[in-house]
Amino acid sequence: MTEDFLKISKFKVHTAIIWLYLANNIILNPKLKRGLLFVGIVIIGCDKPPELPTTPSITFESVRFATGVNGFDSLIVVIGFEDGNGDLGLLGSENQPPYHPYDFQKNAQGEFILFGDPEAPSEFHVCDFVTDIDVTGDEIADTAYIVINQNSFNIEIDFFLRRDGAYEEFDWRREFGQFNCITFDGRYPILNSEDFERPLAGSLSYSMVSSGFLPLFGNDTLQLRIEIKDRALNISNTVESQDFVVGQ
Ligand SMILES: [Ca+2]
């Protein structure tokens, strides 16, 4: 939080601590076990608004690996955030545009593209297709080509492996897409506790649970890159974690 913000926060300040378990929207590889995203938030909101941009801005605070029971380990990242109009957070039930999960892809004739069509990826990845759906109306189950709508998430977490001094992205969706569509992109909940726009600032703790961190990464050097969106789809700056090793 900036010094200016602290000065302004002499106005009536609401502080709330909310701990929420969110049903995640991750489809985890069964071998990696299913987990929950755990989001903890400390919010400071002001009725008399400081002049903050309406696009969210974030800072990296910490990342921590914690071993759990039965192999369910946690990677907990904490970021600081501020947003001038506080339109932060999505409900899990908000699946209407622009927050819908994916877009069907259509060809030049406006027809749905199905698996096997020349316009579709030739290799099957779960992230690229919806199966058992009758999109053509002929009562035949289709496998239709889709593109995931990144606006269905309001927090994006990208994993990078450091190898030979360079960072390479570890793309969960591509690594396991032949089996399951895995991502640690997700949703944090509505943060504004009042029914009017106001500046918000605070910390957001985002926990990713998986039994795959140690087997996949062991002594590799990892870095996370994180960004968030507000409800108007304004995208924050991207922050980077420090390098860390889950196996140490
Ligand atoms: Ca905003």
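This report describes the fold, one sheet, the main core and some backbone details of a predicted model.

Residues are numbered from 1 along each chain as its sequence is written. In this predicted model, local features need pLDDT of at least 70, side-chain atom pairs count only at pLDDT 80 or more, and totals for chains, interfaces and linings use all residues.

**Overall make-up**

The chain holds three helices and twelve strands. Helices (H or I, at least four residues) and strands (E, at least two) are DSSP runs, numbered from the N terminus. The chain has 248 residues, and 27% of them count as buried. A residue is buried if 20 or more other C-beta atoms lie within 10 Å of its own, exposed if 12 or fewer, and partly exposed in between, with C-beta atoms placed from the backbone. Two residues are in contact if their C-beta atoms, placed from the backbone, lie within 7 Å. Of the contacts between residues at least 6 apart in sequence, 72% join residues at least 24 apart.

**A three-stranded sheet**

One open sheet has three strands in the order β5-β7-β6, with antiparallel pairing. Its edge strands, each pairing on one side only, are β5 (102-104) and β6 (129-133). On average, neighbouring strands of this sheet are turned by 40° against each other, direction ignored. Such angles are taken between N-to-C directions and run from 0 to 180 degrees, with axes being lines fitted to C-alpha atoms, for helices over the stretch in contact.

Two strands pair if DSSP finds at least two bridges between them. Strand β7 covers residues 142-148 and is joined to β6 by three bridges. Three bridges also join β5 to β7. Residues that face a partner in β7 include the following.

| Residue | Partner in β7 |
|---|---|
| Y102 | I148 |
| F129 | Y145 |
| V130 | A144 |

**The largest nonpolar core**

A nonpolar core is a set of buried Ala, Val, Leu, Ile, Met, Phe, Trp, Tyr and Cys residues joined through C-beta atoms within 7 Å. The largest one has 29 residues, of which V77, I155 and L224 touch the most other members. At least two residues of this core come from each of β4 (73-83), β8 (155-163), α2 (172-176), β10 (200-210) and β11 (221-228). Strand β10 gives the largest share, six residues. In soluble globular proteins, nonpolar side chains tend to be buried together.

Which residues does L224 touch, not counting residues up to four places away in sequence? They are V63, V77, I157, D158, F159 and S241.

**Backbone details**

Most residues other than glycine have a negative phi, and most peptide bonds are trans. The peptide bond from P97 to P98 is cis, with omega near 10°. P98 is placed in the loop between β4 and β5.

D132, in strand β6, has a positive phi near 55° and is not a glycine. D132 counts as exposed because it has 8 C-beta neighbours inside 10 Å. E139 sits in the loop between β6 and β7, and its phi is also positive, about 60°, although it is not a glycine. Is E139 buried or exposed? E139 counts as exposed, because it has 6 C-beta neighbours inside 10 Å.

**Helix α3**

P215 belongs to helix α3, residues 213-217. With 13 other C-beta atoms within 10 Å, P215 is partly exposed. P215 and G247 lie 32 residues apart in sequence, and their C-alpha atoms are 9.2 Å apart in space.
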